[in-house]
Amino acid sequence: MGEKDTLFRSVEMSLVQLYVATEIGRETVSALGEIGRIQFRDLNAETSAFQRTFTGEIRRLDNVERQLRFFGAQMERNSIPLRPLPDSANVTAAPNANEITELSQRTESLEGRVTQLNDSHEILQKRFVELLEFRWVLREAGGFFDSAYGQTDEIRHSTDDHSAPLLEDIEQSGPAQDAQGRSLTRLNIQFVAGVIARDRIAAFERILWRTLRGNLYMKQSEISEPIVDPSTNEPVDKNTFVIFAHGKEIIAKIRKISESLGANLYGVDEDPDERRDQIIEVNNRINDLNSVLADTKSTLNAELKMIANSLASWMVIVKKEKAVYSALNLFNYDSARKCLIGEGWCPTNDVPLIQRILREVTDRAGLQVPSIINELKTSKTPPTFNKTNKFTLGFQTIIDAYGVAKYREVNPGLPTIITFPFLFAVMFGDIGHGSIMALSGAAMIWFEKKLLKKKIFELFDMAFFGRYIILLMGLFSIYTGLIYNDVFSKSLTIFPSMWEWPEDFEPNQQLDATRKEGYSYPFGLDWGWHGADNNLIFTNSYKMKLSIILGWAHMTYSLCLSLVNHRYYKSKVDIIGNFLPGMIFLQSIFGYLVLTMIYKWSVDWIAIDQSPPSILNMLIFMFLSPGTVVEPLYKHQAGVQVTLLLIALCCVPVMLLFKPLYLRHEHNKHRALGYRGISETVSALENDEDDHPHRTATIGNNRASLDSIGGEATHALITEDLKEEEEFSFGEEMIHQVIHTIEFCLNCISHTASYLRLWALSLAHAQLSTVLWDMTIYNAFFMTGPLGVIATFFLFGVWFSLTVSVLVVMEGTSAMLHSLRLHWVEAMSKHFVGEGIGFEPFSFELLLEDVEI
């Protein structure tokens, strides 16, 4: 058993080897997927995906998954709701192999039935649309033919005179005489009738005109009702048309042009009695098709509704089965022992749980040969796994978004739970705004069970994921708002002010407050500063110094975490060569700066009749003119500053040279004792394997005997472990240390200045809140009577809406991003290595999280 799992460090991991009987391989991996505590290693990395053992099963499940997606698409197309997945479906035991086979056969049968019904419905729907279009053409054809009968002379004239186009506006000529009895067929005039989409009619006319040079007579009319396209189920506006022309070649061209533009052509009889019979026949066929379509649709919907009851659970089963066989493809098959051999990383404290799972699966199968789990000793770097719950998950995600911590290094996610919302609150300090944010977070937590089951929209889902972060940010903002004595830009008079104002004064006279003797405001900022002319000057200086102090404390704390890491990894060279000089350098300059600020606040400069010195000027002269003190803060200040400056300068060469020189010294000492580098060690193993069959290779703290297992597999295992180490190079180490030293020294200055954003955003938030109050609801307080009531009601709505949207949402997002940057850059750069590999366990819960079912 390893040590107790905490959020302070990542979980202790073990590399385990599993020996599982082939008969229960699927059941064993499925049971391990339910607990989600092991990350399998690929033992067949050199084998292609098509040559692996269980590729056939995966292909079969891919086909089943395709069929299930087909069912889902058909249900969406026919507006059939999917039965929701039960809450316990994700953790149910996987079905046996026979049930999977039955599911595959059932889905194949259902696919055939649904496809057949769907094809039949589409064919019938297409025929139904054709009959509808035909009926519209027959209805409009009577008027088209009557118009054509009246223009027979002009149509016949066009066959002899090519300058008289048929598209000429012949309808403006005089009424036709003796039109009755005339026949278009007798005049050798033919026609084409059909239906075309309305958006193509202009192009249709233009192409006909240019192709036939106007030698045609065309009539068209709009269909009043849109016709549903059977292929897309979208309504389309269409027009009916009849085109009269002379000659078979012209008619053939018209047909080709019509068909190329997607027009549907129909055979219409010239005789009115025949057309009447056609309409009757079409109406009868439409009625028959309606009943057949309704029966086909109801049968299809019945099939899809039956599938909808089980589709979600089928999808879960198939996803799990595919994951199981994909995991089994990572195993090796031992033909001699007739078992599967797998390796994987798991938390050390979960090894007994995995042993129990293996034993239960074996007992259920009734096998005599038990499954075996062995812990392997290796020099490989384990993956990093930090256990979280619904409260800590959001904060850990903030850290993981920047980088995965190195295995067993201090996890920045633990202090981030407090420091992230606190630094946010420093910039967002307001009791009212913090209350709105805290109530929003509390509401999402209160209704989290309902909200977890549904997705509203992306931005809300992001906020809901960080609901505990929002709650803490709101609570900390209330706390800093109490310190700032600020609620919606107004102050709270909880305690008596420490300032007294003169009782006798003239209008427009400038007043100076005097401090009460022996009394100080108990908590936070005195409300007497609100409304004072020098309020901005005071709060500006106060918040600026406060941001420097908080930044120094945050960086010092983060740097101390590097000491914890060095001690855990037993790296004394990093303690002496990096931590100690770095800490001394930081405290010699900025620790001293913070102490002078606190000392300046603690002195009553009015009582001693002195002007308080400028801390900024003191820091500038400390570097530009060492030993020169223009405005003394305390006795012997010049000597103290020179000493601290020299100490800081001496830390630079120590940080730069100690670690590379020490590592070089240790490397040379080991070589003098006969040790060699990795490449030399591997070469020696290859050359001397036959001469020294019992030689033991030392790998870090682990020892592996060449004859303990025997053969090439052992040698390959040792060589694989040796690849984890790196050759020592003094030049590379020196370059790395130079970069580290320069970066650390410069970052101490730039990062301290970066914390001034706490001051800037805090002032900006307070001033914006004041401006919003003065420009909205404050104006309503000068109105009386009904107008004042209406103005107060209206302006309050404007003020509250802008408060929530601008000050809470927009300003809150800005402050959150700045707090995020202070953690990622300013704090984590002092200790965070971030070279870890994330733990990705084989887990059904994680597998189904992102699957939309």
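Rings of Phe, Tyr and Trp, taking the six-membered ring for Trp, count as a pair if their centres lie within 6.5 Å. Keep that cut-off handy for the first two exercises. One caveat before starting: this is a predicted model.

**Exercise 1. Which residues do ring pairs link into a cluster, and how many aromatic pairs does a search of the whole structure find?**

Step 1. Apply the cut-off everywhere: the search of the whole structure turns up 34 aromatic pairs.

Step 2. Follow the links from ring to ring. F488, W773, F781, F796, W799 and F800 are joined into a cluster by ring pairs.

Step 3. Place one member. W773 belongs to helix α24, where it is among the buried residues.

**Exercise 2. Classify two ring pairs, Y402 with F832 and W529 with F538: stacked, edge-to-face or tilted?**

Step 1. You need the angle limits: planes under 30 degrees apart are stacked, over 60 edge-to-face, and the rest tilted.

Step 2. For Y402 and F832, the ring centres are 6.0 Å apart and the planes make 50 degrees, so this pair is tilted. It ties together distant parts of the chain: Y402 sits in helix α10 (residues 393-402), while F832 lies in the loop between α26 and α27, 430 residues apart.

Step 3. Check the surroundings of that pair. Y402 has 42% relative accessibility and counts as partly exposed, whereas F832 is buried at 11%.

Step 4. Now W529 and F538. Their centres are 4.0 Å apart with planes at 0 degrees, so they are stacked. W529 is buried, at 15%, and F538 is partly exposed, at 28%.

**Exercise 3. Do a length check on helices α24 and α23, then work out what the buried residues of α23 pack against.**

Step 1. Take α24 (residues 757-775). Its 19 residues at 1.5 Å each should span 27 Å, and the end C-alpha atoms are 26 Å apart, which agrees.

Step 2. Repeat for α23 (residues 730-754). With 25 residues, 36 Å is expected, and the distance from its first C-alpha to its last is 34 Å, which is close.

Step 3. Look for a bend. α23 turns by about 35 degrees at N747, and N747 is itself one of the buried residues of this helix.

Step 4. List some of the buried residues of α23: they include M734, F744, C745, C748 and H751. The buried set packs against α16, α17, α19, α24 and α26.

Step 5. Return to α24 for its own buried residues. Among them are L758, L761, L763, A766 and L772.

**Exercise 4. In what order do 4 strands form an open sheet, and which strands stand at the edges?**

Step 1. Read off the order: β4-β7-β3-β8, with antiparallel pairing.

Step 2. Find the edges. β4 (217-222) and β8 (264-266) each have a single partner strand, so one side of each lacks a neighbour in the sheet.

Step 3. Get the twist. Ignoring direction, neighbouring strands are turned by 25 degrees against each other on average.

Step 4. Zoom in on β3 (residues 189-197) and β7 (residues 238-246), which pair over 9 bridges in the antiparallel sense. One register point is I196, whose bridge partner in β7 is N239.

Step 5. Add the helix. α5 (residues 201-212) packs on this sheet and touches β3, β4 and β7, with its direction at about 180 degrees to that of β4.

**Exercise 5. Why is strand β10 largely enclosed by the rest of the structure, and which strands does β10 pair with?**

Step 1. Count the burial: 9 of the 9 residues of β10 (residues 339-347) are buried, so the strand is largely enclosed.

Step 2. Split β10 by face. C339, I341, E343, W345 and P347 are buried on one side, and L340, G342, G344 and C346 on the other.

Step 3. Find the partners. β1 (residues 13-21) runs antiparallel to β10, joined by 9 bridges. β2 (residues 39-40) pairs with β10 over 2 bridges, also antiparallel. β9 (residues 332-334) pairs with β10 over 3, again in the antiparallel sense.

Step 4. Fix the register in β10: A21 is partnered with C339, F40 stands opposite G344, and N332 faces I341.

Step 5. Finish at the turn. β9 and β10 make a hairpin with 4 residues between them, and K338 in that turn has a positive phi of about 55 degrees.

Definitions and conventions. Residues are numbered from 1 along each chain as its sequence is written. This is a predicted model: local features need pLDDT of at least 70, side-chain atom pairs count only at pLDDT 80 or more; totals for chains, interfaces and linings use all residues. Side-chain values use heavy atoms; hydrogens and water are left out. The expected span of a helix is 1.5 Å times one less than its number of residues. Buried means under 20% relative accessible area, exposed over 50%, partly exposed in between (1.4 Å probe, protein chains only). Two strands pair if DSSP finds at least two bridges between them. Axes are lines fitted to C-alpha atoms, for helices over the stretch in contact, and angles run from 0 to 180 degrees between N-to-C directions. Contact means heavy atoms within 4.5 Å. The bend at a residue is the angle between axes fitted to the seven residues ending there and the seven starting there.
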